Amino acid sequence: MRQIPVDTTGAVVMVAQPPQPKIANRQTGEVATDRDTGAPLMTIDVMFVMNGNAEILSLTVPETGFTGELTTGTPVGLTGVVARPWENEFNGQKRHGISFRAIAVTSLAADASKPKAA
């Protein structure tokens, strides 16, 4: 599947909704896992602001990829973000979109509270 790298260096990113388990099967409540590592997957919604435009993105991240407290409004850094186009058909209706995945989401709140060196 094609993966498109996303450059986040010029963006301001903050948590819109804290991490939640990504559910693979809604009927059983089974949590999705990474195909390569077997790590449980989580989703986190972030507000992504760049060039005066703001979007809410839902990212899939391995459970081990979160660092620091990630509450609503926390500024974060994103590592290894890729976009993946997808398409499926359900009950004769075609759907398509773009999913986003990151290797890690790191809280920047601790960095903001540290005193700056003179």
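Q: Let's start with Asp-34. Leaving aside neighbours within four places in sequence, what is Asp-34 in contact with?
A: Three residues turn up for Asp-34: Ala-39, Leu-41 and Arg-101. Keep in mind that this is a predicted model.

Q: Noted. Where does Asp-34 lie?
A: Asp-34 sits in the loop between β4, residues 30-31, and β5.

Q: Is Asp-34 buried or exposed?
A: Buried. The relative accessible area of Asp-34 is 11%, and the cut-off for buried is under 20%.

Q: What does the side chain of Asp-34 reach?
A: The backbone nitrogen of Asp-36, at 2.8 Å.

Q: And Arg-101, what does that one form with Asp-34?
A: A salt bridge. The closest N and O atoms of Arg-101 and Asp-34 are 2.2 Å apart.

Q: Which parts does that pair tie together?
A: Arg-101 is in strand β10, residues 93-101, while Asp-34 is in the β4-β5 loop, so the pair links parts that are 67 residues apart in sequence. Both Arg-101 and Asp-34 are buried, too.

Q: How many salt bridges does the count come to?
A: The count is 1 salt bridge.

Q: OK, zooming out. How many helices and strands does the protein have?
A: There is 1 helix, and there are 11 strands. Going along the sequence, the pattern reads β-β-β-β-β-β-β-β-β-β-β-α, which puts the helix after the strands.

Q: What does the C-alpha trace span?
A: About 60 × 30 × 25 Å along the principal axes.

Q: How much of the protein is buried?
A: Buried residues account for 29% of the 118 residues. On the outside, the protein exposes about 8,300 Å², with carbon and sulfur atoms supplying 52% of that area.

Q: Now the contacts: of those between residues at least 6 apart in sequence, what share join residues at least 24 apart?
A: That share is 57%.

Q: On to the core. How many residues does the largest nonpolar core have?
A: It has 19 residues. Ile-44, Leu-59, Val-76 and Val-105 are the ones with the most contacts inside it.

Q: Which strands each supply at least two residues of this core?
A: β2 (12-21), β5 (41-50), β6 (53-62) and β8 (76-79). Of the contributors, β5 gives the most, with 4 residues.

Q: Pick Leu-59. What does Leu-59 touch?
A: Not counting residues up to four places away in sequence, Leu-59 touches Met-42, Thr-43, Ile-44, Val-46, Leu-78, Val-81, Phe-100, Arg-101, Ala-102 and Val-105. Arg-101 is the residue that pairs with Asp-34 in the salt bridge.

Q: Back to β5. How many bridges join β5 to β6?
A: They pair antiparallel over 10 bridges. As one example, Asp-45 stands opposite Ser-58 in β6.

Q: And how many join β2 to β5?
A: 7 bridges, antiparallel. Val-13 has Phe-48 in β5 as its bridge partner.

Q: While we're in β2, what is Val-12 in contact with, leaving aside neighbours within four places in sequence?
A: Met-47, Phe-48 and Val-49. Val-12 lies in strand β2. For a sense of distance, Val-12 and Phe-90 are 36 Å apart C-alpha to C-alpha, and 78 residues apart in sequence.

Q: What do β5 and β6 form, and how many residues are between them?
A: A hairpin, with 2 residues between the strands. Asn-51 in the turn has a positive phi of about 55°, although it is not a glycine.

Q: Is Asn-51 buried or exposed?
A: Exposed, at 73% relative accessibility.

Q: What about Asn-91, where is its place and what is its phi?
A: Asn-91 is in the loop between β9 (82-90) and β10. Its phi is also positive, about 50°, and Asn-91 is not a glycine. Asn-91 counts as exposed, with a relative accessible area of 69%.

Q: Last topic: what is the order of the 3 strands in the open sheet?
A: β7-β11-β8, with mixed pairing.

Q: Which strands stand at the edges?
A: β7 (66-67) and β8. Each has a single partner strand, so one side of each has no neighbour in the sheet.

Q: How many bridges join β8 to β11?
A: 4 bridges, and the two strands run antiparallel. Val-76 stands opposite Ser-107 in β11, and Val-76 is also among the core residues with the most contacts.

Notes
Residues are numbered from 1 along each chain as its sequence is written. This is a predicted model: local features need pLDDT of at least 70, side-chain atom pairs count only at pLDDT 80 or more; totals for chains, interfaces and linings use all residues. Side-chain values use heavy atoms; hydrogens and water are left out. A nonpolar core is a set of buried Ala, Val, Leu, Ile, Met, Phe, Trp, Tyr and Cys residues joined through side-chain atoms within 4.5 Å. Buried means under 20% relative accessible area, exposed over 50%, partly exposed in between (1.4 Å probe, protein chains only). Contact means heavy atoms within 4.5 Å. A polar contact is a pair of N or O atoms within 3.5 Å; within protein, one must be able to donate a hydrogen and the other to accept it, and residues adjacent in sequence count only if both atoms are side-chain atoms. Two strands pair if DSSP finds at least two bridges between them. A salt bridge is a side-chain nitrogen of Lys or Arg within 4 Å of a carboxyl oxygen of Asp or Glu. Accessible areas come from the Shrake-Rupley method with a 1.4 Å probe; for residues, only the protein chains shown count as cover.
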